[in-house]
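Student: I am new to this structure. Please take one part and walk me through how it packs.

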Amino acid sequence: MPDDVEPRDLDKVARGELKTLSKDNADWVARHLVMAGRLIEEDPEEAHKHALSAGRRAGRIGVVRETIAITAYTVGDYAMALRELRTYRRISGREDHLPLMVDSERGLERPERALELGRSVDPATLDVPVRVQLAIAMSGARLDLGQAEAALRELEIPQLDRSKAFSYSPDLFDAYATVLDDLGRETEADEWRALSERASDAIDRHLQGDDGETIEIVEEDIEWEDDSAEEAPAEEASLEEASLEEAPVEEAPVEEAPVEEPAPADETSTDDEGDRG
């Protein structure tokens, strides 16, 4: 554990969940969770070890099980990810990781069960970014079954708006392009892939210097003029949403997915619905 890792580095909401532990134990768990968050992209195996260490000390804490699930998914242990996500859902009562659960079923080569799980929750009850990720996961399950047309329909949701860019737009546009490719509609696929790159670049510019947690929305339109899009000054665009068409479009409020700490799991997770698959 690096000397510079402090319990206070953990998100305050996650720290609040650790209040049922003794102070020493809570501090130790918090440091492991901080390390899991730091390492999940550059060294997912090590991040997973930190999550498991936190789980050994605090297996009944939701954010710990969540962290274990996310790191397990990242290293390809889909059975553990699914089991831990089910435990996290029971503890927290939340469905925000339903797309990851659907994708874990796909990872276990069970696309039919993935579709059944995805249909078990009314999408209207989910936050918009979660709803979009669920549509992408469901589309992937359709592709696993060779149902390309149905996969395309899964993605044809109101958020598939080529005129605006939200945080979830690049992933949605890319998924749509992938299905179009599968259907042999390469020209349309290229168009959506270009839109994805454009949206991603715009969002990166608008979020430059932001901490990723609190985003101020500035209602202002951006005009895109083909190749000059890269020149558009960041200060003239909204931070989380930018017009992707050449004519100005009225901005709408952005619904940003909550930044959540990864989830952990304890060694007692054998009681968690045994989905080792």
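Tutor: What follows is a close look at helices H2, H3 and H4.

A word on the source comes first. This is a predicted model.

Start with the whole chain. It has 11 helices and 2 strands. Along the sequence, the pattern reads α-α-α-α-α-α-α-α-α-β-α-α-β. Of its 277 residues, 49% count as buried. Take the contacts with a separation of 6 or more: residues 24 or more positions apart account for 64% of them.

Now go to H2, residues 23-39. Its 17 residues should span 24 Å at 1.5 Å a residue, and the end C-alpha atoms of H2 are 24 Å apart, which agrees. Many of its residues are listed as buried: Asn25, Ala26, Val29, Ala30, Arg31, His32, Leu33, Val34, Met35, Ala36 and Leu39. What covers them? The cover over the buried residues of H2 includes H3 and H4.

Pick one residue from that list. Alanine 36 lies in H2. Its relative accessible area is 0%, so alanine 36 is buried. Which residues does it touch? Leaving out residues up to four places away in sequence, alanine 36 touches Ala47, His50, Ala51 and Thr67. Look at one of these partners, alanine 47. In sequence, alanine 36 and alanine 47 are 11 residues apart. In space, their C-alpha atoms are 4.1 Å apart.

Alanine 47 belongs to the buried set of H3, so turn there next. H3 covers residues 44-57. Its 14 residues should span 20 Å at 1.5 Å a residue, and the end C-alpha atoms of H3 are 20 Å apart, which agrees. The buried residues of H3 are Ala47, His48, His50, Ala51, Ser53, Ala54 and Gly55. Their cover includes H2, H4 and helix H5 (78-92).

Next come the two helix pairs. Two packed helices are described by the angle between their axes and the distance between the axes.

Take H3 with H4 (residues 62-74). Their axes come within 9 Å and cross at roughly 155°. Angles over 145 degrees count as roughly antiparallel. So H3 is roughly antiparallel to H4. The crossing of H3 past H4 is left-handed. Which residues meet? From H3 come Pro44, Ala47, His48, Ala51, Leu52, Ala54 and Gly55. From H4 come Val64, Thr67, Ile68, Thr71, Ala72 and Thr74. By class, this contact of H3 with H4 has 8 nonpolar, 5 polar and no charged residues.

Then take H2 with H4. Here the axes come within 11 Å and cross at roughly 30°. Angles under 35 degrees count as roughly parallel. H2 and H4 are therefore roughly parallel to each other. This crossing is left-handed. Val29, Leu33 and Ala36 in H2 meet Val63, Val64 and Thr67 in H4. By class, the contact of H2 with H4 has 5 nonpolar, 1 polar and no charged residues.

Look at the spacing on the H2 side, at Val29, Leu33 and Ala36. An α-helix has 3.6 residues a turn, so residues three or four places apart point the same way.

Let us put the part together. H4 runs roughly antiparallel to H3 and roughly parallel to H2. Thr67 in H4 meets residues of H3, and Thr67 also meets residues of H2. Alanine 36 touches Thr67 as well as Ala47, His50 and Ala51.

Methods: Residues numbered from 1 in each chain as written. Predicted model: local features only at pLDDT ≥ 70, side-chain atom pairs only at ≥ 80, totals over all residues. Heavy atoms only, no water. Axes fitted to C-alpha atoms, helices over the stretch in contact; angles between N-to-C directions. Helix = DSSP H or I, 4+ residues; strand = E, 2+ residues; numbered from the N terminus. Parallel < 35°, antiparallel > 145°, perpendicular 65-115°, else oblique. Left-handed = near helix turned anticlockwise from the far one by under 90°. Contact = heavy atoms within 4.5 Å. Nonpolar A, V, L, I, M, F, W, Y, C, P; charged D, E, K, R; others polar. Buried < 20%, exposed > 50% of the residue type's maximum accessible area, 1.4 Å probe, protein only. Expected span 1.5 Å × (residues − 1).
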